[in-house]
Amino acid sequence: MGEFWPVPDVLAYLAGSWRAVRSVRDLASGDEGEFSGTTVFGPLEGGGLLHHESGTFVWQGTPRPAERTLRFLAGTARGTADVRFSDSRPFHDLDLTSGHHIADHPCSADLYRGEFTVVDEDHWRTVWQVRGPAKDLVLTTDYAREG
């Protein structure tokens with residue numbers, strides 16, 4: 001994707017509304033799906049951002065509503081974030097000060113490895129590879145700032 005765009009403060013950068021388009025590929029079966037919707041990073045009581053994503057996920061030709069919520073808290077280093085699930089369980093760290101970050105999240109026997117790339121002030125991408133005994137997935141999400 002070329003050069004990375006450094007972000008001095010990830011929470012300030014993410015705040016607001018983003019258009020999200022995600023492709024999902026099951027490398028084992030060859031099945032593909034797509035999510036499209038909106039991701040809003042709004043203020044979180046006590047500090048940080050509440051990430052709420054909602055839209056439509058189409059898998060094997062069947063559309064269904066989809067949503068998720070995460071909590072982005074200030075990280076231990078300046079400008080970074082500590083990403084947590086909605087119930088406050090740890091998910092991963094996020095440091096975009098170089099414009100690029102890789103994070104791992106072990107989940108039971110599976111490993112989620114996320115690569116975060118900032119393209120410019122209004123575009124960023126995540127690529128999650130999920131590998132384990134029952135999973136072999138690649139999820140690629142492109143975000144574009146709205147408004």
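Is W128 buried or exposed? At 11% relative accessibility, W128 counts as buried, since the cut-off for that word is under 20%. Keep in mind as you go through these close-ups that the model is predicted.

**View 1. F116 and W128 meet edge-to-face.**
Let's stay with W128 and bring in its partner. The ring centres of F116 and W128 are 5.8 Å apart and the planes stand at 85°, so this pair is called edge-to-face. F116 belongs to strand β8 (residues 110–120) and W128 to strand β9 (residues 123–131), so the pair ties together parts that are 12 residues apart in sequence. F116 is buried too, with a relative accessibility of 5%.

**View 2. F85 and F91 stack, and R89 joins in.**
A pair of aromatic rings is described by the distance of the centres and the angle of the planes. The structure holds 11 aromatic pairs. One of them is F85 with F91, a stacked pair with 4.6 Å centre to centre and 25° between the planes. How buried are these two? F85 has a relative accessible area of 19%, so it counts as buried. F91 is buried as well, at 12% relative accessibility. Now look for R89: its charged end sits over the ring of F85, 4.4 Å from the ring's centre.

**View 3. Seven rings make a cluster around Y13 and friends.**
Here you can pick out W5, Y13, W18, F41, F72, W124 and Y143, which form one aromatic cluster. Y13 has a charged visitor: R145 lies over the face of Y13, at 5.3 Å from the ring centre.

**View 4. F72 sits among the best-connected residues of the core.**
In soluble globular proteins, nonpolar side chains tend to be buried together. In this model, the largest nonpolar core has 27 residues, and L14, F72, L94 and W124 are those with the most contacts inside it. Helix α1 (residues 10–14) gives this core its largest share, four residues. Which residues does F72 touch? Not counting residues up to four places away in sequence, F72 touches L11, L14, F41, G48, L49, H51, A81, D82, V83 and L94. Try finding L14 and L94 in that list, as both are also among the core residues with the most contacts.

**View 5. H101 reaches for two backbone oxygens.**
H101 is found in strand β7 (residues 100–107). Its relative accessible area is 12%, so H101 counts as buried. Where does the side chain of H101 reach? One target is the backbone oxygen of D93, at 3.3 Å. Another is the backbone oxygen of D95, which the side chain of H101 reaches at 3.5 Å. Leaving out residues up to four places away in sequence, H101 touches D93, L94, D95, L96, G114, E115 and F116.

**View 6. A103 shares the strand and is buried.**
A103 is also found in strand β7. With a relative accessible area of 1%, A103 is buried. Leaving aside neighbours within four places in sequence, A103 is in contact with H92, D93, Y112, R113, G114, F116 and W128. Yes, that list brings back F116 and W128 from the opening view. For a sense of scale, the C-alpha atoms of A103 and W18 are separated by 21 Å, and the two residues are 85 residues apart along the chain.

**View 7. R22 and E53 form a buried salt bridge.**
Side chains of opposite charge can pair when their charged atoms come close. A search of the whole structure finds nine salt bridges. In one of them, the side chains of R22 and E53 meet at 2.9 Å, N to O. This pair links distant parts of the chain, with R22 in strand β1 (residues 16–26), E53 in strand β3 (residues 49–59) and their positions 31 residues apart. Both R22 and E53 are buried.

**View 8. Two salt bridges have partly exposed partners.**
First, the side chains of R113 and D104 meet in a salt bridge at 2.6 Å, N to O. R113 is partly exposed at 40% relative accessibility, and D104 is partly exposed with a relative accessible area of 35%. Next comes R131 with D136, a salt bridge whose closest N and O atoms are 3.1 Å apart. R131 is partly exposed at 41% relative accessibility, as is D136, with a relative accessible area of 26%. Elsewhere, salt bridges that share partners join R22, E53 and R68 into one network.

How values were computed
Residues numbered from 1 in each chain as written. Predicted model: local features only at pLDDT ≥ 70, side-chain atom pairs only at ≥ 80, totals over all residues. Heavy atoms only, no water. Buried < 20%, exposed > 50% of the residue type's maximum accessible area, 1.4 Å probe, protein only. Polar contact = N/O pair within 3.5 Å; in protein donor to acceptor, adjacent residues only side chain to side chain. Contact = heavy atoms within 4.5 Å. Phe/Tyr/Trp six-rings, centres within 6.5 Å; stacked < 30°, edge-to-face > 60°. Lys NZ or Arg CZ within 6 Å of the ring centre and 35° of its normal. Core = buried A, V, L, I, M, F, W, Y, C linked by side-chain atoms within 4.5 Å. Salt bridge = Lys/Arg side-chain N within 4 Å of Asp/Glu carboxyl O.
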